[in-house]
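I opened this notebook to keep a record of what I looked up, entry by entry, in the structure shown below.

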2 protein chains.
Amino acid sequence: MSGATADGEAVEAANTALYDAVERGDLDALAELWLDDEISVVHPGWPVLTGRGEVMRSYALIMANTDYIQFFLTDVEVTVLGDTALVSCTENILSGGPAEEDGSAGPLVGGLVVATNVFRRAEDGGWKVWSHHGSPVLVEGEDEPDEEDIEG
Amino acid sequence: MSGATADGEAVEAANTALYDAVERGDLDALAELWLDDEISVVHPGWPVLTGRGEVMRSYALIMANTDYIQFFLTDVEVTVLGDTALVSCTENILSGGPAEEDGSAGPLVGGLVVATNVFRRAEDGGWKVWSHHGSPVLVEGEDEPDEEDIEG
């Protein structure tokens with residue numbers, strides 16, 4: 001939608017950075033990307049967590065329990081209104097254990113999550129995460145995420 | 001958090017109105033509460049729907065398939081930054097069929113959903129819904145939603 005604007009591109013880069021930090025398991029980098037307070041997160045299937053302490057602790061827990069995770073983002077939609085940006089996207093997640101001894105990939109599992117991420121323009125002009133809400137897609141052809149026809 | 005301010009109270013009222021409209025099955029009232037465009041919604045377990053057409057059609061579908069629904073909102077947290085407000089809340093949902101012939105209530109089922117709702121200040125000073133994201137709570141004592149201890 002507004003993806004062609006400079007703001008839109010900066011927001012999309014901030015959104016990508018959020019997932020990159022989780023992929024790398026880099027909690028310090030992740031913490032830098034968020035607003036200082038009044039933040040909230042919902043991980044798929046989890047209750048709401050609010051405040052920097054709870055949010056960062058949840059990511060530390062997820063990182064500690066994840067050997068490998070990769071996000072392929074699709075359907076990324078960015079809307080900027082004033083100093084706030086809303087991003088919706090589909091997280092096509094590949095996660096699994098460490099590589100086998102012979103170098104081949106360990107067992108991998110896929111997952112489909114949709115996310116609404118809210119960003120706020122910071123004083124230095126950069127964009128910081130205000131809220132992340134991810135939820136599992138439970139209906140309509142999880143095997144065919146490209147088919148999103150809603151016939152009502 | 002910011003719930004004690006006038007803005008916070010107005011946002012909380014707008015948030016309540018959103019659920020009231022769904023409870024009443026009043027699609028016209030619901031449509032009035034949203035921004036005109038660039039809106040998005042995620043219903044629990046659904047993919048992302050964007051744009052007024054898709055969003056309103058999804059609510060029409062939900063209303064057509066729901067005989068009775070009531071939302072008891074808890075853990076409502078409102079944060080206002082400039083012209084944007086972020087609300088997180090827990091939707092304790094009671095839904096079911098129509099009343100029995102003898103006047104007693106029909107079979108009821110409960111559900112627990114967490115939501116992140118984003119509001120935008122409109123030109124007339126009111127608050128309009130920009131995004132609603134609801135997701136099922138699948139982990140941690142669904143029977144005891146008050147217990148949210150995360151021990152990491």
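The entries below go from the sheet to individual side chains and then to the pair of chains.

**Entry 1, the sheet.** I noted before anything else that this is a predicted model. I then looked up the strand order in chain A, and found six strands in an open sheet that reads β2-β1-β6-β5-β4-β3, with mixed pairing. The edge positions belong to β2 (49–50) and β3 (68–81) of chain A, and since each has a single partner strand, one side of each is left without a neighbour in the sheet.

**Entry 2, around β6.** In which sense do β1 and β6 of chain A pair? I found that β1 (residues 40–42) and β6 (residues 127–136) of chain A are parallel, with three bridges between them, and that A:Val42 has A:His133 of β6(A) opposite to it. Turning to β5(A), I found that this strand runs antiparallel to β6(A) and is joined to it by nine bridges, with A:Val113 standing opposite A:Pro136 of β6(A). Five residues lie between the strands in the hairpin of β5(A) and β6(A), and there A:Gly125 has a positive phi near 95°. I also checked burial along β6(A): nine of its ten residues are buried, so the strand is largely enclosed by the rest of the structure.

**Entry 3, the helix across the sheet.** I next followed helix α1 (residues 6–24) of chain A, which lies across β3, β4 (84–96), β5 (108–121) and β6 of chain A. Its direction makes an angle of about 155° with β3(A).

**Entry 4, A:Asn92.** I picked A:Asn92, in strand β4 of chain A, to see what its side chain meets. A polar atom of that side chain lies 2.8 Å from the backbone oxygen of A:Phe72, and a polar contact of 2.9 Å links the side chain of A:Asn92 with that of A:Thr74.

**Entry 5, A:Ser58.** Is A:Ser58 buried or exposed? Its relative accessibility is 0%, and A:Ser58 therefore counts as buried. I located A:Ser58 in helix α3 (residues 52–64) of chain A, and leaving aside residues up to four places away in sequence, I found it touching A:Val41, A:His43, A:Trp46 and A:Leu49. With A:His43, the side chain of A:Ser58 makes a polar contact of 2.8 Å.

**Entry 6, cysteines.** How many disulfides does a search of the whole structure find? The search returned zero over all chains. I looked up A:Cys89 as well, and its relative accessible area of 1% makes it buried; B:Cys89 likewise counts as buried, at 1% relative accessibility.

**Entry 7, the two chains.** Finally I asked what operation lays chain B on chain A. A turn of 180° with a shift of 0.0 Å along the axis does this, at an RMSD of 0.1 Å, and that is the relation of a two-fold axis. The same surface serves both copies, as 98% of the contact residues of chain B recur in chain A. I also noted which residue of chain B comes closest to the rotation axis, and this is B:Ser135, whose C-alpha is at 2.8 Å.

Key. Residues numbered from 1 in each chain as written. Chains lettered and ligands numbered in written order. Predicted model: local features only at pLDDT ≥ 70, side-chain atom pairs only at ≥ 80, totals over all residues. Heavy atoms only, no water. Pairing = 2+ DSSP bridges. Contact = heavy atoms within 4.5 Å. Axes fitted to C-alpha atoms, helices over the stretch in contact; angles between N-to-C directions. Least-squares fit on C-alpha atoms with pLDDT ≥ 70 in both. Buried < 20%, exposed > 50% of the residue type's maximum accessible area, 1.4 Å probe, protein only. Polar contact = N/O pair within 3.5 Å; in protein donor to acceptor, adjacent residues only side chain to side chain. Disulfide = S-S within 2.5 Å.
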